[in-house]
Amino acid sequence: MLNVGKIENGIVIDHIPAGKSMDIYRYLGLGELDSCVAIIKNAKSDAMGRKDIIKVDGGEDLIDINLLGFIDTNITVNIIRNGEIAEKKQLTLPEKVTNIISCKNPRCITQIEQELDQIFYLTDKEKHIYRCKYCEEKY
């Protein structure tokens, strides 16, 4: 059995669907942090069968936790302080995502003006539909 030590202060992102941890790693820019990041892939889970876990050592202000709701609202985020779970965050779909997804409409201004941010707004919570700020293309 693999044992990854506990962290004193930081974030544990748990209940990630198996195989999605590297997507989250890229979306959150964890590779650019000057902190210790542990990724556990395909861990056994009674509830999910298999799951991924990410541990980030350091302050909770290092990453945008709200972005995780875009990936999966069932992900659990535990804030660790002094080696104990101090807070559990419930995720919701963010109202706005920037530079996470790209507009596929070939006529969208973002296809011509490459320096423009790719901004999408949540338009339907139940169906998880986001639309481009500029052309309203559905994602």
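This passage describes the domains, the nonpolar cores and a surface patch of a predicted model.

The protein is divided into two parts, domain 1 (10–90) and domain 2 (96–132). The C-alpha centres of domain 1 and domain 2 lie 25 Å apart.

In soluble globular proteins, nonpolar side chains tend to be buried together. In this model, the largest nonpolar core is made up of 27 residues. Ile13, Leu28, Ile65, Leu68, Val97 and Tyr130 are the residues with the most contacts inside this core. At least two core residues come from each of β1 (10–17), β3 (49–57), α2 (68–71), β4 (76–81), β7 (119–124) and β8 (129–132). Of these elements, β1 gives the most, with three residues. Domain 1 (10–90) and domain 2 (96–132) each supply at least three residues to this core.

The surroundings of Leu28 were examined in more detail. When its neighbours within four places in sequence are left aside, Leu28 is in contact with Ile13, Ile63, Asp64, Leu67 and Leu68. A second core, separate from the largest one, has six residues. Among them are Ile7, Val12, Ile53 and Ile80.

Nonpolar residues also occur on the surface. Ile109, Ile112 and Tyr134 form a nonpolar patch there, and together these residues have about 270 Å² of accessible area. Within this patch, Ile112 belongs to helix α3 (residues 109–112). Ile112 has a relative accessible area of 60% and is therefore classed as exposed, the cut-off being over 50%.

Technical notes: Residues numbered from 1 in each chain as written. Predicted model: local features only at pLDDT ≥ 70, side-chain atom pairs only at ≥ 80, totals over all residues. Heavy atoms only, no water. Core = buried A, V, L, I, M, F, W, Y, C linked by side-chain atoms within 4.5 Å. Buried < 20%, exposed > 50% of the residue type's maximum accessible area, 1.4 Å probe, protein only. Helix = DSSP H or I, 4+ residues; strand = E, 2+ residues; numbered from the N terminus. Domains from an automatic or database assignment. Contact = heavy atoms within 4.5 Å. Patch = residues over 30% accessible without salt bridge, like charges linked within 9 Å, V, L, I, M, F, W, Y side chains within 5 Å. Areas by Shrake-Rupley, 256 points an atom, 1.4 Å probe, with all protein chains shown as cover. Salt bridge = Lys/Arg side-chain N within 4 Å of Asp/Glu carboxyl O.
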